[in-house]
Amino acid sequence: MAKNTAQPNMQPLVMKFGGTSVGSAEAITQAVNIVTSYHAEYPQLVVVASAMSGITNQLLACARDAADGNWKSYTQGISSIESTHMDTISALALSDGKRQALMADIQAIIKQLRNYCASIETMGEVTTRGLDAIASLGERMNVRQIAALLDEQGFACRTIEADEIIITDAAYQNARPLREQTRKRTRAVLDPLLKAGVIPVVTGFIGATEKGVTTTLGRGGSDYSAAILGDCLDAQAVWTWTDVDGVMTADPRIVPDARVIGRLSFDEVSEMAYFGAKVLHPKTMRPLIERNIPLWVKNTFNPDHPATCISNQPSQTFGKLSCVTAIRDVSLVTVRGKGMLGVPGVAARTFSAVADRNASVLMISQSSSEQSICFVIPSADQAEVITSLEVELAYELERGDIDAVHATPDVVIVTGIGAGMRRTPGVSAKIFSAVGAKDINIIAIAQGSSEYSISLVVDKKDADLTVRQIHTEVIINGKQ
Ligand code: ADP
Ligand code: ASP
Ligand code: MG
C-alpha cells in the first residue's frame with residue numbers, strides 16, 4: 001500500500017467498506033490496515049461499514065422463516081450468523097480481554113435477533129418495520145468488530161449506530177433521508193469526535209425516523225449512507241472500498257474482459273446504477289452533486305490501483321459508449337389497440353393505474369402510430385399491475401378500443417451508457433448492428449431524454465450475449 005507522506009489534510013474524508021471488504025477476519029484486517037495507513041494524511045477520517053457479506057440476506061431469511069413458522073430454518077439461520085461472527089472474532093488479532101468483550105457484545109445482538117424472530121413467529125407475520133429492525137443488526141455487529149481491531153491497534157475510535165445521525169421518513173426498506181435533521185445530528189455527533197482525532201465507525205445502510213424507529217435505505221444502501229455523511233460533513237471526498245478495481249465497462253461477472261473506467265461523471269454513474277450496475281446504490285450520487293464532492297471507487301484487495309473517480313467532470317469518451325448494464329427480473333407490459341389512436345388520456349390513465357400499485361416504471365416506449373404503449377416493471381409487480389390496468393381500462397377493453405393488456409415476463413433491459421454519445425450520431429446504429437449480427441431479437445427500444453443512454457429489451461436467454469456483443473463491438477472494438 002502506498003505510504004502517505006503528504007501534509008495532513010484537515011477536511012473530513014469518508015471511507016466506506018462494502019460487504020466483501022469486511023466479510024472475513026482477513027478482509028477486516030486489510031480494511032483496518034487501509035484506514036490506519038491513511039489516518040496521518042487524513043486525520044478527520046470517518047469509516048462507514050456494511051454488514052459482513054451475505055449476512056443481510058441471512059437476517060432477512062430468518063425473519064421470513066420465522067413469519068412462516070419455520071422454527072428449524074430460522075434457528076439454524078441464527079446459529080449460522082452467530083458462528084460467522086464468532087469465528088471471525090476468534091481469528092482477529094485481539095487481546096483476550098478485548099476478544100471476550102467483543103464476543104459478549106455480539107452475543108447480546110444475537111440474543112436480540114432471537115427475540116425478534118420468536119415474536120415474529122408468535123405473530124405469524126413480519127412487517128417492513130420489523131424487517132428493517134432485523135436487517136440493521138448485520139451492520140451493528142460489524143462496526144463493533146472493526147472498531148475493536150482499530151482500538152487494539154491503538155487508534156481512538158467510536159462505533160456510531162446511524163439511527164443516531166441519519167434521520168429518515170418512515171418508508172421502511174427504502175427510507176428517504178431528511179437532509180436538515182440529518183445534517184444537524186451528524187455535525188453534533190461527529191464534529192467533536194473528528195476534532196479530537198477519533199475515528200467514527202458508522203453503520204452503513206441504516207437510519208431512523210424522527211421518533212427513533214430504525215429504517216433502512218434500501219439494499220446496497222451503505223454507499224448512500226457514506227454519500228449522505230460526505231454531504232453533511234462537507235467532506236473533501238468519499239472513497240468506497242469494494243472488491244473490484246473501480247467502475248467497469250460492464251459487470252465483470254458477465255464480461256470477463258471488462259475494463260476499469262478512470263473517470264466518470266455523476267450523471268453517467270447515476271444512469272449506470274439506475275440501469276442495474278450493482279457497483280453503487282442508485283441514490284449515491286444525489287448528495288454529492290451539489291457540492292461536487294468526488295466519489296472514488298477503490299479495491300480493498302488492490303489498493304494501489306488508480307481506481308475510478310466520479311465527479312462533475314464528464315468522462316473523456318467523446319462519441320463513445322462508456323459501459324453496458326442489464327436489469328433482470330423485469331416484465332414488459334403492453335397496452336395495445338387500434339382504437340387508442342388519438343384518444344387522449346389513455347397513457348395518463350395507464351400510468352396512474354401502475355402508480356396506484358406502487359410499481360416503478362423502469363422504461364417506457366411508445367410506437368409512433370400510438371397503437372401501443374409498452375413499459376417495463378419489476379416482475380414482482382406484474383400480476384397486480386395487470387389487474388389494475390384491466391380494471392382501469394375495462395370500458396375501452398369492452399368496446400374493443402384496446403385489444404389487450406398483456407405482460408411478457410422474463411425479459412431483461414440492456415442499456416448502453418455514456419455522456420460521450422450525446423449529440424453524436426451513429427452510436428445507436430453501432431449498437432443495433434452489433435446485436436443484429438447475433439440474430440438477437442430486440443423486443444423494445446428507448447432512449448433516455450438525457451441522451452446518455454439507449455435501452456433495449458431482450459429475452460432473458462439473450463441477455464448475456466447482448467451485453468457481451470455491445471461490449472465487444474461498441475465499447476472495445478468500435479471505432480468511436
Ligand atoms: P460492496 O459490497 O463492496 O458494496 P457490491 O457487491 O455491492 O460490493 O458491488 C460490487 C460488485 O458489483 C462487483 O463485485 C461486481 O461484480 C458488480 N458490478 C456490476 N456491474 C459492475 C460494473 N459496471 N463495474 C464494477 N462492478 C460491477
Ligand atoms: N448490508 C446491506 C445490504 O446487503 C447494505 C450494503 O451492503 O450496502 O444490502
Ligand atoms: Mg454494494
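**Close-up 1. Polar contacts of ligand 1 in a predicted model.** An oxygen atom of ligand 1 sits 3.1 Å from an N or O atom in the side chain of Arg253. That is a polar contact, meaning a pair of N or O atoms within 3.5 Å; within protein, one must be able to donate a hydrogen and the other to accept it, and residues adjacent in sequence count only if both atoms are side-chain atoms. Lys16 joins in with a polar side-chain atom 3.0 Å from an oxygen atom of ligand 1. Met248 uses its backbone instead: an N or O atom there lies 2.9 Å from a nitrogen atom of ligand 1. On its own, ligand 1 has 570 Å² of accessible area, and the protein covers 89% of it. Such areas come from the Shrake-Rupley method with a 1.4 Å probe, and for residues only the protein chains shown count as cover.

A word on the model itself: this is a predicted model, in which local features need pLDDT of at least 70, side-chain atom pairs count only at pLDDT 80 or more, and totals for chains, interfaces and linings use all residues. Residues are numbered from 1 along each chain as its sequence is written, chains are lettered from A and ligands numbered from 1 in the order in which they are written, and side-chain values use heavy atoms, with hydrogens and water left out.

**Close-up 2. The shell around ligand 1.** There are 17 residues around ligand 1, and Gly19, Thr242, Asp243, Met248 and Lys278 come nearest. A residue belongs here if one of its heavy atoms lies within 4 Å of the ligand. By type, the shell splits into 8 nonpolar, 4 polar and 5 charged residues. In this count Ala, Val, Leu, Ile, Met, Phe, Trp, Tyr, Cys and Pro are nonpolar, Asp, Glu, Lys and Arg are charged, and the others, Gly among them, are polar.

**Close-up 3. Ligand 2 and its surroundings.** Around ligand 2 you'll find Ser50, Ala51, Thr56, Glu139, Phe205, Arg219, Gly220, Gly221 and Ser222. The shell comes out as 2 nonpolar, 5 polar and 2 charged residues. The side chain of Glu139 has an N or O atom 2.7 Å from a nitrogen atom of ligand 2. Arg219 places a polar side-chain atom 2.7 Å from an oxygen atom of ligand 2, and Ser222 does so at 3.0 Å. Taken alone, ligand 2 exposes 260 Å², of which the protein buries 85%.

**Close-up 4. Helix α8, starting at Ser222.** Helices (H or I, at least four residues) and strands (E, at least two) are DSSP runs, numbered from the N terminus. Helix α8 covers residues 222-232, and 11 of its 11 residues are buried, so the rest of the structure largely encloses it. Buried means under 20% relative accessible area, exposed means over 50%, and partly exposed is in between (1.4 Å probe, protein chains only). Among the buried residues of α8 are Ser222, Tyr224, Ile228 and Cys232. After α8 comes Asp234, with a positive phi near 50 degrees.

**Close-up 5. Helix α4 from end to end.** At 1.5 Å a residue, the 28 residues of α4 should span 40 Å, and its end C-alpha atoms are 41 Å apart, which agrees. The expected span is 1.5 Å times one less than the number of residues. The buried residues of α4 include Leu102, Met103, Ile106, Ile110 and Leu113. They pack against α2 (55-67), α3, α5 (128-135) and α6 (137-152). Just after α4, Gly124 takes a positive phi of about 75 degrees.

**Close-up 6. Ile106 and His85.** Ile106 belongs to helix α4 (residues 96-123) and is buried, with a relative accessible area of 0%. Not counting residues up to four places away in sequence, Ile106 touches His85, Met86, Ile89, Met141, Arg144 and Gln145; contact means heavy atoms within 4.5 Å. Ile106 and Met141 are 35 residues apart along the chain, yet their C-alpha atoms are separated by 5.9 Å. His85, in helix α3 (residues 71-91), is buried with a relative accessible area of 0%. Leaving aside neighbours within four places in sequence, His85 is in contact with Met52, Ile55, Ile106, Met141 and Gln145.

**Close-up 7. Positive phi at Asn292 and Asp410.** Most residues other than glycine have a negative phi. Asn292 has a positive one, near 45 degrees, and sits in the loop between α10 (286-289) and β9 (295-299). Asn292 counts as partly exposed at 30% relative accessibility. For Asp410, phi is positive and near 60 degrees. Asp410 is found in strand β14 (residues 404-417) and is partly exposed, with a relative accessible area of 45%.
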